[in-house]
Amino acid sequence: MSNTILESVYNEFFPFWESIPEADRDYICQNSRTVTYPKGKNIHNGSECLGVILVRSGILRIYMMSDEGKDITLYRLYKGGLCMLSASCVLDAITFDVFVDAEEDCTCCVIGGPAFATVSARNPDIKIFALETAVGRFSDVMWVMQQILFMGMDKRLAIFLFDESARTGLDTITMTQGQIARYMGSAREVVSRMLKYFANEGIVEVSRGGIKILDKKRLRALTS
């Protein structure tokens, strides 16, 4: 991708872009690449410094995995989202392994970690932006931890279904029960039992096509 197109992309999504020297903008562009990831592709599988990922289209899922292979979704990134956790060489505080998968077909710009770190070191605006982004994602992670530690499964599932419906604008969640369990850091059997309970209460309808929300008012009440 040409520097002109990258300049346009970064100017759209990076609030610091116009405030940094032209030489640094060129350096970032020269150390960037555009990558298309197919749905289901693992993009980042540990602590290596892949680089800073900017999502141009699609959805990325960021998650952690236990030694036994159980994973839990920390958050998802959509258009304009920036993944700093894939660039351990940029933020010294990243001392744990995270994994990144393409949840849909994705087009991303990947900025080389060393290049981003170099430019950040001499531009406070970039460093502040990177830290603010990391803090925002930390808030997302704390919300996940709060749900796991302090909320019942009924409330957690209701929140997930309600948020997913709000995100897509649809009343049918086209995910398998296994996918939902993975996103929630739970077991498929637990999700299945709770969905069966919701279905018996007339809140949702479960089918091979997904989970259809029948009573959004009652579902929302469960999230409170």
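User: Let's start with the whole protein: what percentage of its 224 residues count as buried?
Analyst: This is a predicted model, where local features need pLDDT of at least 70, side-chain atom pairs count only at pLDDT 80 or more, and totals for chains, interfaces and linings use all residues. Residues are numbered from 1 along each chain as its sequence is written, and side-chain values use heavy atoms, with hydrogens and water left out. Buried means under 20% relative accessible area, exposed means over 50%, and partly exposed is in between, with a 1.4 Å probe and protein chains only. Of the 224 residues in the protein, the share that counts as buried is 46%.

User: How many helices and strands are there?
Analyst: Both are DSSP runs numbered from the N terminus: helices are H or I with at least four residues, and strands are E with at least two. Going by that, the protein has 8 helices and 11 strands.

User: Is strand 7 enclosed or open to the outside?
Analyst: Strand 7 covers residues 98-102. V98, V100 and A102 lie on one side, F99 and D101 lie on the other, and they are all buried. Because 5 of the 5 residues are buried, strand 7 is largely enclosed by the rest of the structure.

User: Which residue stands opposite V100 in strand 7?
Analyst: Two strands pair if DSSP finds at least two bridges between them. Strand 4 (residues 60-65) pairs with strand 7 in the antiparallel sense over 4 bridges. Opposite V100 in strand 7 stands I62.

User: And which residue stands opposite V98 in strand 7?
Analyst: Look at strand 2 (residues 42-46), which runs antiparallel to strand 7 and is joined to it by 4 bridges. The residue opposite V98 is G46.

User: Which strands stand at the edges of the open sheet with the order 1-8-3-6?
Analyst: That open sheet has 4 strands with antiparallel pairing. Two of them have a single partner strand each, so one side of each is left without a neighbour in the sheet. These edge strands are strand 1 (32-37) and strand 6 (82-83).

User: Which residue stands opposite C83 in strand 6?
Analyst: Strand 3 (residues 52-57) and strand 6 run antiparallel, joined by 2 bridges. Opposite C83 you'll find I53.

User: Now for helix 4: is L149 buried or exposed?
Analyst: L149 is found in helix 4, which covers residues 124-150. Because its relative accessibility is 60%, L149 counts as exposed.
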